[in-house]
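These are my notebook entries on a structure that I had not examined before. I began with the overall build and then turned to one residue.

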Amino acid sequence: MTSDPWSELGTPENPGDLGSRRADLKSEHDFYWAKDFSGRICFLIKFTSEDVASPQIPNISGIELTFENSPCILLLALNDNSQRDIFRTICHDLLDACTAVKKGDAAAAAAVIVTRLERWQDMLRPGRNKLLSKSQRVGLFGELWFLHDTLLPKTAPYEAASAWKGPQG
């Protein structure tokens with residue numbers, strides 16, 4: 001994934017136009033690398049049917065997501081070009097996730113794409129890697145103290161650790 005799929009795309013001259021090329025010639029689905037009029041890199045999914053209900057599209061920081069019914073498309077546009085490599089990874093993930101979806105099943109393809117985008121949103125959301133809360137730290141300290149002062153002096157370390165049931169008891 002080191003090559004830049006957008007490097008050879010020109011920027012369209014007219015607002016509303018996209019410069020694009022097919023992302024995977026072997027795919028049964030219509031995925032495109034694209035650039036918009038303002039030069040933003042994009043990933044375009046054209047659905048083969050107009051029967052796709054407007055999905056609840058997740059909000060991913062730095063990516064503008066647009067769903068249109070006629071023609072039925074989903075457009076991902078990167079707002080911050082410095083995140084290009086991560087955006088490319090997300091796009092490749094969407095391509096890979098749809099390999100099991102049958103050609104022409106636009107509703108299934110849209111569902112797979114929205115689910116993958118929700119997972120990316122969850123992984124990239126702020127505050128995901130928070131530390132333990134104060135009460136969790138106090139509880140952990142108490143459990144470790146009990147292990148150290150009460151169990152370890154009387155039992156082997158493996159037996160003491162095996163006896164521990166964790167915060168769920």
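**Order of elements**

I read the elements from the N terminus on and found the order β-β-β-β-β-α-α-α-α. I note that the model is a predicted one. The count of elements is 5 strands and 4 helices.

**Overall dimensions**

I looked up the radius of gyration, which is 24 Å for this protein. The globule rule gives 15 Å for 169 residues, and the value here is well over that, so I recorded the protein as more spread out than a compact globule. I then took the extents of the C-alpha trace along its principal axes, which are about 75 × 35 × 30 Å.

**Burial, contacts and surface**

I checked burial and found that 32% of the 169 residues count as buried. I next considered contacts between residues at least 6 apart in sequence; 50% of these join residues at least 24 apart. For the surface, I noted an exposed area of about 11,100 Å², of which carbon and sulfur atoms supply 53%.

**Charges**

I entered 19 positive and 22 negative charges for the protein. Their mean positions lie 7 Å apart.

**Serine 27**

Where does serine 27 sit? I located serine 27 in the loop that runs between strand 1 (18–22) and strand 2 (30–36). Is serine 27 buried or exposed? Its relative accessible area is 17%, and buried means under 20%, so I entered serine 27 as buried. I also found a polar atom of the serine 27 side chain 3.0 Å from the backbone nitrogen of histidine 29.

Technical notes: Residues numbered from 1 in each chain as written. Predicted model: local features only at pLDDT ≥ 70, side-chain atom pairs only at ≥ 80, totals over all residues. Heavy atoms only, no water. Helix = DSSP H or I, 4+ residues; strand = E, 2+ residues; numbered from the N terminus. Buried < 20%, exposed > 50% of the residue type's maximum accessible area, 1.4 Å probe, protein only. Polar contact = N/O pair within 3.5 Å; in protein donor to acceptor, adjacent residues only side chain to side chain. Rg over C-alpha atoms; globule rule 2.2 N^0.38 Å. Contact = heavy atoms within 4.5 Å. Areas by Shrake-Rupley, 256 points an atom, 1.4 Å probe, with all protein chains shown as cover. Lys, Arg positive; Asp, Glu negative; His and termini not counted. Charge placed at Lys NZ, Arg CZ, Asp CG, Glu CD.
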